[in-house]
Amino acid sequence: MAANSDDVISVSDKPSTKNNSGSQKVVLRKQVSLLDCVALGAGTIIGSGIFISPKGVLANTGSLGMSLIVWVVSGFLSIMGALSYAELGTTFVKSGGDFVFLLDGLSPLLAFLRLWTSIVSIRTGAWTVLSITFAKYALSPFFYSCDDTPFLAERLLAACALCLMFYVNCASVTWSRRVQVVFSAAKFVAILVIVFSGLVVLGQGGTTNFEHSFESSQNFEYTKLPLAVYYALFAYAGWQYLPQITEEIVNINRTLPYGLIISILLVSCLYTLTNVAYFAVLSPIEILSSNAVAVDYGRRVLGSFWWILSISVSISCMGSINGGLFSSSRMLFVASREGHLPKIASMIHIRRYSPLPAAAVMLPICLLMLTSDNVYKLLNFLSFSRWAFIALAVATIPYHRWKHPDAPRPFKIPVVIPIVFSCFALFVVVMSLYSAPVECGIGLAITAAGIPVYLVGVKWQTKPVWLVGMSESVTIFLQKLFLVICQEEKTC
């Protein structure tokens with residue numbers, strides 16, 4: 001998919017970028033601090049999941065007590081995954097996350113299929129769903145008396161939200177970092193409002209729902225427990241994004257592990273306390289019948305100020321979009337640099353020093369998805385493949401240790417952790433295949449469709465001269481249009 005020739009606008013052809021401090025090289029700078037890592041990690045994890053997933057977890061556990069256990073266990077599993085990615089991120093120093101882990105650790109084809117599924121559904125679909133959720137909750141205070149928000153208004157606002165977040169990430173790395181910190185602080189405040197108000201209710205004697213907490217309120221089947229864990233893990237998803245920006249993290253060997261560990265521990269504690277608050281105010285039956293647990297909680301506790309939580313859910317969704325886009329654009333940037341995408345995606349704006357093409361390339365796909373009513377189904381089709389790739393990425397740790405025992409590993413974890421996590425992730429994949437074989441079959445077909453794309457775009461190196469020339473002409477045109485060039489200095 002990348003041109004074989006280097007016949008693109010060179011460094012000497014670019015306009016001067018001198019300022020008062022002298023000439024600056026066009027490169028992605030190391031400016032992501034520990035605070036940025038925590039804001040990016042925790043802020044990306046806390047999306048709409050904690051406001052939606054409690055219903056799914058409770059429905060598949062059957063009791064309040066078992067539901068809380070599932071949340072704790074899922075948090076522990078996420079910590080194991082985050083520790084594994086911390087070792088991988090400090091072992092493979094290039095940005096790109098699991099794309100690079102699979103590329104350098106296992107197979108270029110697996111790395112490309114991870115990239116392919118992210119572009120066609122996993123990342124784009126997730127952002128589209130988050131933008132729709134943002135619009136739905138942002139509009140709900142204005143359509144309080146209606147059964148649902150108007151479809152057209154919802155999709156238009158979602159499109160505006162997507163365009164805004166893509167613009168921020170294209171325009172400035174500093175902007176996107178600061179926006180993430182602000183959004184993360186706002187969503188932490190919202191969750192703390194839920195936690196503290198729930199603790200007040202408990203302090204006032206609101207413990208009725210916790211009596212006989214392990215008694216099932218329905219015909220419970222233990223075979224549903226994996227599905228409950230699956231819902232909880234959906235709320236914890238996002239910790240795997242942080243290693244995608246390793247080349248921009250200051251003091252990577254220290255900052256990345258600490259950032260991952262702090263963010264996932266913080267989120268795990270907040271999620272458990274938030275569920276305790278939900279159960280202190282809402283009965284299991286009320287939660288199961290709710291379409292928006294956080295909003296129903298707000299109406300019960302905050303009264304006429306319930307809309308605060310509705311807006312908080314919207315802010316939370318925006319923060320997840322921004323964090324996901326910030327990290328995913330680096331995966332595309334590195335994939336292009338490795339020859340898995342057109343060369344234009346590995347270029348940086350000559351004045352803004354942002355990976356503008358890589359950040360902008362998925363916007364049209366997201367906007368196209370907004371026109372469909374089936375975007376949720378598309379996301380479900382490939383959810384199992386996401387866990388399959390995560391399992392393979394984590395399995396790289398024991399394989400890499402066996403194949404390269406003397407390779408430097410600044411952050412090293414007990415090998416049992418990635419083995420246990422990989423086995424569990426594969427178990428989630430198997431359960432997905434068992435519970436939804438048709439959807440997983442469609443997702444498998446979509447994933448397999450990337451194989452011919454890989455063979456033609458990446459593996460085929462002897463492309464016709466006319467095709468190479470056309471690719472070069474398009475690349476140069478886009479360079480002039482976006483004012484971008486290849487990075488002038490290696491960052492890994």
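Q: Buried means under 20% relative accessible area, exposed over 50%, and partly exposed in between. Where does that put R299?
A: This is a predicted model, and in it R299 has a relative accessible area of 37%, so the residue is partly exposed.

Q: Which side chain does R299 meet in a salt bridge?
A: That would be D296, at 3.8 Å from N to O. The two sit three residues apart in helix α11 (residues 293-301), about one turn of the helix. D296 is at 25% relative accessibility, so D296 counts as partly exposed too.

Q: Anything bigger than a pair? Which residues get joined into one network?
A: K94, D104 and E338, through salt bridges that share partners.

Q: And how many salt bridges does the count come to?
A: The count is 11.

Q: OK, what about R330, which side chain does that one meet?
A: R330 pairs with E248 in a salt bridge, 2.6 Å from N to O. This pair ties distant parts of the chain together: R330 is in helix α12, while E248 is in the loop between α8 (225-236) and α9 (252-281), 82 residues apart.

Q: Are R330 and E248 buried or exposed?
A: Both are buried.

Q: What about R155 and E154, how far from N to O?
A: They form a salt bridge at 3.7 Å. R155 has a relative accessible area of 10%, so R155 is buried. E154 is buried as well, because its relative accessible area is 4%.

Q: Switching to holes. How many cavities of 30 Å³ or more turn up?
A: Two, from a search of the whole structure. The largest has a volume of about 70 Å³, and the second largest comes to about 30 Å³.

Q: Which element gives the largest share of the largest cavity's lining?
A: Helix α7, with four residues. The lining includes R177, I245, N322 and F326, and by class it has six nonpolar, three polar and two charged residues.

Q: And what lines the second largest one?
A: E87, L88, T91, F92, I397, H400, R401 and R409. Helices α3 (64-91) and α16 (383-403) are the elements that give two or more residues to that lining. It divides into three nonpolar, two polar and three charged residues.

Q: Last thing, the surface. Which residues make a nonpolar patch?
A: I451, L455, V456 and W460 make one of about 340 Å². V456 belongs to helix α19 (residues 450-459), and at 48% relative accessibility V456 counts as partly exposed.

How values were computed. Residues are numbered from 1 along each chain as its sequence is written. This is a predicted model: local features need pLDDT of at least 70, side-chain atom pairs count only at pLDDT 80 or more; totals for chains, interfaces and linings use all residues. Side-chain values use heavy atoms; hydrogens and water are left out. Patches are made of residues with over 30% relative accessible area and no salt bridge: like charges are joined within 9 Å, nonpolar side chains (Val, Leu, Ile, Met, Phe, Trp, Tyr) within 5 Å. Accessible areas come from the Shrake-Rupley method with a 1.4 Å probe; for residues, only the protein chains shown count as cover. A salt bridge is a side-chain nitrogen of Lys or Arg within 4 Å of a carboxyl oxygen of Asp or Glu. Buried means under 20% relative accessible area, exposed over 50%, partly exposed in between (1.4 Å probe, protein chains only). On a 1 Å grid over the protein atoms alone, a cavity is a set of points where a 1.4 Å probe fits but cannot get out, and a pocket is an open set with protein on both sides within 12 Å along at least five of seven lines; lining residues have an atom within 4 Å of a point. Grid points are joined across faces, edges and corners, and a volume is the space filled by probe spheres set on the points. Ala, Val, Leu, Ile, Met, Phe, Trp, Tyr, Cys and Pro count as nonpolar, Asp, Glu, Lys and Arg as charged, and the others, Gly among them, as polar.
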